[in-house]
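I sat down with this model today and kept a few notes as I went. Here they are, in the order I looked things up.

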Amino acid sequence: MKNYLGQTLGLTVLVVALLFALSLWRTPGQALGLALKPMDIFAAVRRDVPATPESLPYLPAAGDTAWIGDSTLMPPEVSDTVAGDALFAVAPPVDTGYFGRIIEDYTPDRLGLAAFFSVIDSIGSHQRSVRIAFFGDSFVEGDLVLGDLRDTLQGIWGGRGVGFLPITEVSPGFRRTGNMQFDGWKTYSIVQKEPARMPFGINGYVYVPSGEATFHFAGSKWYRNTRQWSTVRLLYQTPAQRQVYYRTNGAAEYSLPLPGTGGRVGQALLQQPGMYDVRLRFPETDSLWVYGISLEDGPGIYVDNFSVRGNSGIGLRRISVETARRFDALLHYDLVIVQFGLNAATAYWTPAKLEWYRKELQRTYAHLRACFPGRPIMVFSIGDRAGKVNGELMTMPSVISIAGMQRDLARENGFLYFDLFHAMGGPGAMVRLAAMEPPEASKDFTHLSHAGGRRVGRRIAQVLIETYQQYRTQ
């Protein structure tokens with residue numbers, strides 16, 4: 001049999017040489033009537049940005065009050081006249097130099113921030129707790145970003161404990177605000193197609209014990225304000241009384257009755273000073289839906305993380321208004337934050353897709369207004385996400401379009417708005433973060449590392465604190 005190895009090797013070398021030559025062609029054009037786009041066969045392995053922090057483009061850090069975001073790539077401003085069924089008189093946008101540096105208040109009469117900050121003032125004067133509901137996607141999964149935001153705010157205004165916790169997580173080992181273990185649960189979420197009629201909780205999940213289910217959470221060394229707590233709330237639903245067994249700080253096991261809730265969400269309270277470890281065991285599984293637990297030691301401020309991986313915001317409409325209001329009656333939310341967009345951003349973006357997503361988010365915002373009547377709602381823009389654009393690694397154009405659209409919707413709906421995209425550093429931020437040593441973003445150029453989450457979480461806290469200080473001096 002004839003040996004073709006030499007010919008195969010020669011053909012391979014010829015193809016690689018041809019691809020290399022084409023990669024040097026940096027200008028789009030046509031050949032034989034076909035459109036050519038720039039390509040770079042070494043883009044995936046070549047370091048696109050300098051490796052040393054000193055040579056990186058400027059990225060704002062916590063404590064930097066002089067930074068002004070780059071607004072050169074923001075889309076043109078829309079008209080102040082909103083067609084259709086606008087709910088409020090639309091306020092003009094803020095100066096682009098403040099993008100990512102302030103919280104933009106588009107609420108009626110610009111009173112949304114004042115109302116929230118007056119509640120914060122009541123922490124000390126009335127010994128009450130302030131609670132924030134944060135609806136997000138995988139960008140804040142496992143308390144990334146929010147762990148540092150919460151710890152910073154609790155360091156100023158008090159409160160200890162992580163607040164609301166899910167029963168299961170996709171990657172529990174990634175969480176640093178505590179050590180979580182669980183077993184024997186069926187998990188259903190709002191991003192799953194089936195079953196469509198599950199009684200989802202406020203966090204977009206419902207957990208059904210299968211066999212003898214268990215849950216364990218212990219404080220960790222990473223955050224000083226979530227190591228201990230004095231109150232455990234177990235949120236659930238069941239038609240008849242059930243029993244759960246608990247153990248705290250390694251002590252003996254005791255039983256805790258779960259009264260029937262009559263078809264709505266209920267809670268069981270466990271109070272004990274100095275808890276740093278809690279274990280729950282669920283031997284009775286018939287007709288029991290569990291939503292999560294909350295660990296608290298008030299008064300102070302709590303940030304409840306309602307992240308759902310893969311959620312673009314559309315899934316929130318599967319949380320019923322009645323359920324959301326019941327949770328609100330039990331937990332008392334003073335601010336609702338929505339952070340979505342990463343799961344809608346793609347490298348292939350068209351005006352039609354943007355318009356479709358705009359309409360879907362508008363429906364979600366209307367649903368949230370019904371869920372939390374009279375409560376201030378704050379829209380967090382999409383964060384940065386990078387991808388290959390004509391062979392170059394850079395911010396996806398869809399990110400910039402979505403951020404601008406979300407600002408417009410916040411203005412139309414009378415919401416607060418925070419420009420997370422520019423707060424992270426604006427165009428190219430995710431690429432710069434991923435190039436740092438150690439890396440502050442993953443190589444998917446979508447998610448942050450723990451170091452990056454610390455940077456962004458403290459940046460958000462800094463903006464909130466500075467805005468509050470301005471409110472106090474008015």
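**The largest cavity**

I began with empty space: the largest cavity holds about 110 Å³. This is a predicted model, so I read every entry here as a statement about a prediction. I asked for cavities of 30 Å³ or more, and the count came to four.

Which residues lie nearest the centre of the largest cavity? I found I337, M378, F380, I460 and L464 there, among 14 lining residues. I then sorted the lining by class and got 14 nonpolar residues, with no polar and no charged ones. Next I looked up where the lining comes from: α3 (146-157), β15, β16 and α9 each supply at least two residues. Helix α9 gives the most, with three.

**The sheet**

Two of those elements, β15 and β16, sent me to the sheet. I noted six strands in an open sheet with mixed pairing, in the order β3-β19-β16-β15-β4-β14. Why do β3 and β14 each have one side without a neighbour in the sheet? They stand at the edges, β3 at 103-105 and β14 at 301-307, and each has a single partner strand, so one side is left open in the sheet. I also wrote down the twist, which averages 20° from one strand to the next.

I picked one pair to follow in detail. Strand β4 (residues 130-136) runs parallel to β15 (residues 335-339), and four bridges join them. For I132, I looked up the bridge partner in β15 and found L335.

**Helices on the sheet**

Helix α2 (residues 112-126) packs on this sheet, where I found it touching β3, β4, β15 and β19 (416-418). Its direction makes about 130° with that of β4. Helix α6 (residues 397-413) lies across β3, β16 (377-380) and β19, and I noted an angle of about 160° to β19.

**Where α2 meets α9**

My last stop was the packing of α2 with α9 (residues 450-473): the axes are 10 Å apart and the angle is about 90°. The two helices are therefore roughly perpendicular to each other. On the α2 side I listed L113, A114, F116, F117, S118, I120 and D121. On the α9 side I listed L464, T467, Y468, Y471 and R472. By class, this contact has eight nonpolar, two polar and two charged residues.

One name turned up twice in my notes: L464 is in the contact with α2, and L464 is also among the residues nearest the centre of the largest cavity.

Key:
Residues numbered from 1 in each chain as written. Predicted model: local features only at pLDDT ≥ 70, side-chain atom pairs only at ≥ 80, totals over all residues. Heavy atoms only, no water. Pairing = 2+ DSSP bridges. Axes fitted to C-alpha atoms, helices over the stretch in contact; angles between N-to-C directions. Contact = heavy atoms within 4.5 Å. Parallel < 35°, antiparallel > 145°, perpendicular 65-115°, else oblique. Nonpolar A, V, L, I, M, F, W, Y, C, P; charged D, E, K, R; others polar. 1 Å grid on protein atoms, 1.4 Å probe; cavity = no way out; pocket = protein on both sides within 12 Å on 5 of 7 lines; lining within 4 Å. Points joined across faces, edges and corners; volume = space filled by probe spheres on them.
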